[in-house]
Amino acid sequence: MSVSAEAGASSSGSVRATRTLTVTGLNHALHDGYTDLIYVLLPVWQAEFALSYGLLALLRGLYAGAMAGLQIPVGRIAERIDGKIILIAGTALSALGYVCAGFSGGVIGLGLALALSGAGSSTQHPIASAAVSRAYGAGARGPLGIYNFSGDLGKAAIPALT
C-alpha cells in the first residue's frame, strides 16, 4: 500500500469515526433529554391525575427501571442484530412512549407509556458507547468524554425547551 493510499484510508476512517461520534452524541443528547424531561412533567401529571409523591416516584421508577433493566439484554441482542437498527428502533420506541403518555387518560396508561419509553431508551448507552469505542479504538477516551458530555447537553436543553 502506498503512502497516499494509507493516508486516504486513515482519512476515511477519521471521517467515519467523526460521523459515528456526531450521530451517537446527538442520540445521547436526545435520550438523556427524554430522561430528564420526566422531571418537568411530574408536576403536570400530579395536577392532572391527582397523584401522590409516592406514585410519582413509582412512575419515574418505571421509566428508569425499564431503561436500566433492559440495557444488558439489548447489548446482547445487538451482538446478533445490527446495532444501528436497534438504536433507531429504540429511539422511535422512546418517542412513541412519550406520545402515548400524552394521550394517556389515567395513571395506568401513563405508567405503561413511561415503561415503553424507558425500554426504548435502554438501547442508547450500550450500543452507542460501543460504537464510539469501536470507531476510535485505543484513542477512544476523549471521544467517549465528548459522547458523555453530549448527554449532559441533552439533559439541559430538552427539558428547557419544553
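**View 1. Ser94, a buried residue of helix α3.** In this predicted model, Ser94 has a relative accessible area of 0% and so counts as buried, a label given to residues under 20%. Its place in the fold is helix α3, which covers residues 83-103. Leaving aside residues up to four places away in sequence, look for the contacts of Ser94 with His31, Tyr34, Tyr63, Ser117, Gly120 and Ser121.

**View 2. The largest nonpolar core and its best-connected members.** This core holds 16 residues. Ile38, Trp45, Tyr63, Tyr98, Leu110 and Leu114 are the ones that touch the most other members. Helices α1 (3-49), α2 (53-77), α3 and α4 (107-121) each supply two or more residues, and α1 gives the most, with six.

**View 3. Leu110 and its neighbours, with a second core to find afterwards.** Here we zoom in on Leu110, one of the core members with the most contacts to other members. Beyond residues up to four places away in sequence, Leu110 touches Trp45, Phe49, Leu59, Ala101 and Ser104. When you are done there, visit the second core, which is separate and has eight residues, among them Leu21, Val74, Ile86 and Ala128.

**View 4. A nonpolar patch of three isoleucines on the surface.** Ile77, Ile81 and Ile85 make up this patch, and together they have about 270 Å² of accessible area. Ile77 belongs to helix α2. With a relative accessibility of 40%, Ile77 is classed as partly exposed, because that class lies between the 20% and 50% limits.

Definitions and conventions: Residues are numbered from 1 along each chain as its sequence is written. This is a predicted model: local features need pLDDT of at least 70, side-chain atom pairs count only at pLDDT 80 or more; totals for chains, interfaces and linings use all residues. Side-chain values use heavy atoms; hydrogens and water are left out. Helices (H or I, at least four residues) and strands (E, at least two) are DSSP runs, numbered from the N terminus. Buried means under 20% relative accessible area, exposed over 50%, partly exposed in between (1.4 Å probe, protein chains only). Contact means heavy atoms within 4.5 Å. A nonpolar core is a set of buried Ala, Val, Leu, Ile, Met, Phe, Trp, Tyr and Cys residues joined through side-chain atoms within 4.5 Å. Patches are made of residues with over 30% relative accessible area and no salt bridge: like charges are joined within 9 Å, nonpolar side chains (Val, Leu, Ile, Met, Phe, Trp, Tyr) within 5 Å. Accessible areas come from the Shrake-Rupley method with a 1.4 Å probe; for residues, only the protein chains shown count as cover. A salt bridge is a side-chain nitrogen of Lys or Arg within 4 Å of a carboxyl oxygen of Asp or Glu.
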